[in-house]
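Subject: Structure for you to look at, with notes

Dear colleague,

Please find the structure below, together with its sequence. My notes on what was found in it follow, grouped by topic.

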Amino acid sequence: MTQYIWWQKGIIYQIYPRSYQDSNADGIGDLPGIIQRLDYLKSLNIEAIWLSPIYPSPMYDFGYDVANYTAINPIFGTMADFDQLLVESHQRGLKVMLDLVPNHTSSEHAWFLESRSSRDNPKRDWYIWRDPAPDGGVPNNWLSYFGGSAWTFDEQTGQYYLHQFLKEQPELNYRHHEVLPTMLNEMRFWLNKGVDGFRVDVICLMLKDDQFRNEPPNPEWDGKVLHGSLQHIYTNNLPGVHDLIRQMRGVLNEYADRMMVGEIYMPYEDLVTYYGQNMDGCHLPFNFQLILTPWQAQAVREVVELYESVLPSGAWPNWVLGNHDQHRLATRVGANQARVANMLLLTLRGTPTYYYGDEIGMEDGTIPPEFVQDPPALKQPEVAHIVGRDPERTPMQWNSDPNAGFTAEHVIPWLPLPADYAERNVAKQETEPTAMLKFFRALTALRQTEPSLSVGDYASVETGVADIFAYLRTAPNSDRFLVVLNFGALSFESAEHRLNLSQVAPRATIAVATDMVRTGLVDLTSLSLAPNEGLVLRL
Ligand code: NOJ
């Protein structure tokens with residue numbers, strides 16, 4: 001029988017540490033806070049927690065500007081706290097993954113301070129420095145994701161340095177022979193401690209064109225976010241980047257059962273190359289298509305079928321519904337469809353990655369202008385509603401107390417709590433049999449115990465109804481499951497659907513229903529499905 005590894009079978013749950021649980025009343029979440037919540041995390045039937053960066057950082061990009069890769073930011077606690085978190089997580093059977101940010105450091109990292117100190121410093125070429133253009137301007141037209149040019153002029157040494165994010169995030173130069181070996185050792189530091197894997201930030205940006213050619217205009221640009229105005233053919237997905245990743249994978253292979261998942265926003269044909277030619281690249285290149293695809297049954301079905309058809313042999317699939325860079329799931333698809341979306345994520349073939357708070361249906365917070373903190377929003381106010389990420393980073397809603405149990409009552413949390421926290425929180429949902437949290441646990445518990453759902457095969461089922469996406473999950477010697485999802489909301493055109501699915505089986509038993517009320521046997525010759533309803537059916 002095939003043996004599956006933890007990151008194939010289980011669910012990865014992303015924690016944004018600033019926002020999970022504050023233990024020392026400074027308004028910012030921390031590692032001791034996460035330790036306090038480990039029993040809750042275990043109760044979600046997840047396999048691993050991934051922590052967004054916890055390293056020392058001036059926090060210009062909230063930790064994605066790393067000033068030291070092998071230490072803990074005092075805001076989040078101490079190395080002893082981290083060690084305790086690792087031990088206590090492992091005691092509960094939870095894996096721990098860290099965020100690795102190899103593409104750029106903080107401008108306050110010792111390496112960059114050396115690099116910028118003089119043109120002949122030995123670390124000068126650890127970063128990407130270029131002379132000004134003949135007119136004194138930027139070396140080329142490359143853009144920052146966060147607005148404006150990707151180049152900043154350094155007065156002291158008279159050259160520009162590259163940063164595709166903030167000017168406080170200078171990019172490392174992986175064409176310099178010392179940089180990758182150094183980063184590999186930073187990885188080993190955590191792997192030696194027992195960390196189970198890494199989520200690797202913008203892994204596909206790690207190499208840039210060595211001729212620094214201008215990027216061509218993007219004819220499909222919608223005129224909104226400036227970064228979209230160019231085709232990023234000289235800064236993203238450069239041929240040699242796979243070789244860097246292969247060497248990172250080699251480090252993981254020095255240890256047992258460690259993994260990396262790469263952050264890569266790309267069409268499938270390019271994305272799947274990141275598994276590596278011989279499955280020696282990322283264990284999982286993140287598959288973000290459920291976030292990027294219009295929320296319609298047939299569009300989602302097409303994405304699933306396309307992904308299934310392009311996955312190379314030996315490549316393990318994965319799916320993501322939300323993260324700290326995307327508007328909240330419940331805000332994107334609506335509160336009713338959020339249940340359908342959860343059912344989809346947790347019954348598709350492939351490792352699900354889940355964003356904290358989605359299990360209680362958290363929605364984007366409203367951030368008053370004086371509280372806006374996210375740099376892309378501050379730098380590009382005209383598109384702040386699109387690029388701003390504060391709304392999806394609000395504190396976890398634990399209970400109905402002032403500050404929702406996230407921090408002490410007298411403290412101002414680093415981001416304001418959404419207005420709905422007194423109604424929507426963990427404590428309340430623990431008492432409600434049909435709450436989102438109960439629904440999430442029902443799905444994760446089923447997935448955990450049923451091989452068909454965690455590792456089984458996938459095949460779609462024709463229903464003849466545009467609003468419905470249905471599929472089968474099967475594994476040898478295990479119960480088979482039929483998942484039927486109604487993407488249609490209650491409207492004039494789209495009310496209840498009645499389906500004949502007798503080609504699959506005459507009848508089935510409801511294992512989980514989106515309303516957490518419907519149970520029992522159903523007749524598959526005439527299966528009714530209400531708007532926003534989804535069913536996981538045991539055949
Ligand atoms: C992707 C991360 O997810 C995002 O939060 C960050 O701002 C950029 N990379 C830069 O590190």
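A disulfide is taken here as a pair of cysteine sulfur atoms within 2.5 Å. Please keep in mind that this is a predicted model. The sulfur of Cys282 has its closest cysteine sulfur in Cys204, at 9.0 Å, which is too far for a bond, and seen from the other side, the cysteine sulfur closest to that of Cys204 is the one in Cys282. By this rule the count of disulfides is zero. Both residues are covered nonetheless: Cys282 is buried at 1% relative accessibility, and Cys204 is buried with a relative accessible area of 5%.

Turning to the aromatic residues, a search of the whole structure gives 33 aromatic pairs. One of them is formed by Trp50 and Phe286, whose rings are 5.8 Å apart from centre to centre with 40° between the planes, a tilted arrangement. This pair links distant parts of the chain, 236 residues apart, since Trp50 belongs to strand S2 (residues 48-51) while Phe286 lies in the loop between strand S9 (284-285) and helix H9 (289-292). Trp50 is buried, at 2% relative accessibility, and Phe286 is buried as well, with a relative accessible area of 3%. A second tilted pair is that of Tyr458 and Tyr471, with ring centres 5.5 Å apart and planes at 45°; here the partners are 13 residues apart, Tyr458 in strand S12 (residues 457-461) and Tyr471 in strand S13 (residues 468-474), and both tyrosines are buried.

Elsewhere, one aromatic cluster is made up of Tyr55, Tyr69, Phe82, Trp111, Trp126, Phe189 and Trp190. There are also arginines placed over tryptophan rings: the charged end of Arg37 sits over the ring of Trp398, 3.7 Å from its centre, and that of Arg18 sits over the ring of Trp414, 4.2 Å from its centre.

Trp190, a member of the cluster just described, is also among the buried residues of helix H6, which include Val179, Leu180, Thr182, Met183, Leu184, Glu186, Met187 and Leu191. The helix itself covers residues 179-193, and its 15 residues should span 21 Å at 1.5 Å a residue, which agrees with the 22 Å between its end C-alpha atoms. The buried residues of H6 pack against helix H4 (79-91), strand S3 (95-100), helix H5 (110-117), strand S7 (197-200) and helix H7 (241-253). After H6 comes Gly194, which has a positive phi, near 110°.

Helix H12 (residues 335-345) is mostly covered, with nine of its eleven residues buried. Those buried in H12 are Gln337, Ala338, Arg339, Val340, Ala341, Asn342, Met343, Leu344 and Leu345.

Finally, how is His497 placed, buried or exposed? His497 lies in strand S15 (residues 497-499) and is buried, because its relative accessible area is 16% and buried means under 20%. Its side chain makes a polar contact of 3.2 Å with the side chain of Asp467. Leaving aside residues up to four places away in sequence, His497 touches Val465, Asp467, Ile468, Asn486, Leu527, Ser528 and Leu529.

With best wishes

Definitions and conventions:
Residues are numbered from 1 along each chain as its sequence is written. This is a predicted model: local features need pLDDT of at least 70, side-chain atom pairs count only at pLDDT 80 or more; totals for chains, interfaces and linings use all residues. Side-chain values use heavy atoms; hydrogens and water are left out. Buried means under 20% relative accessible area, exposed over 50%, partly exposed in between (1.4 Å probe, protein chains only). Helices (H or I, at least four residues) and strands (E, at least two) are DSSP runs, numbered from the N terminus. Rings of Phe, Tyr and Trp (its six-membered ring) pair if their centres lie within 6.5 Å; planes under 30 degrees apart count as stacked, over 60 as edge-to-face and the rest as tilted. A charge sits over a ring if NZ of Lys or CZ of Arg is within 6 Å of the ring centre and within 35 degrees of the ring normal. The expected span of a helix is 1.5 Å times one less than its number of residues. Contact means heavy atoms within 4.5 Å. A polar contact is a pair of N or O atoms within 3.5 Å; within protein, one must be able to donate a hydrogen and the other to accept it, and residues adjacent in sequence count only if both atoms are side-chain atoms.
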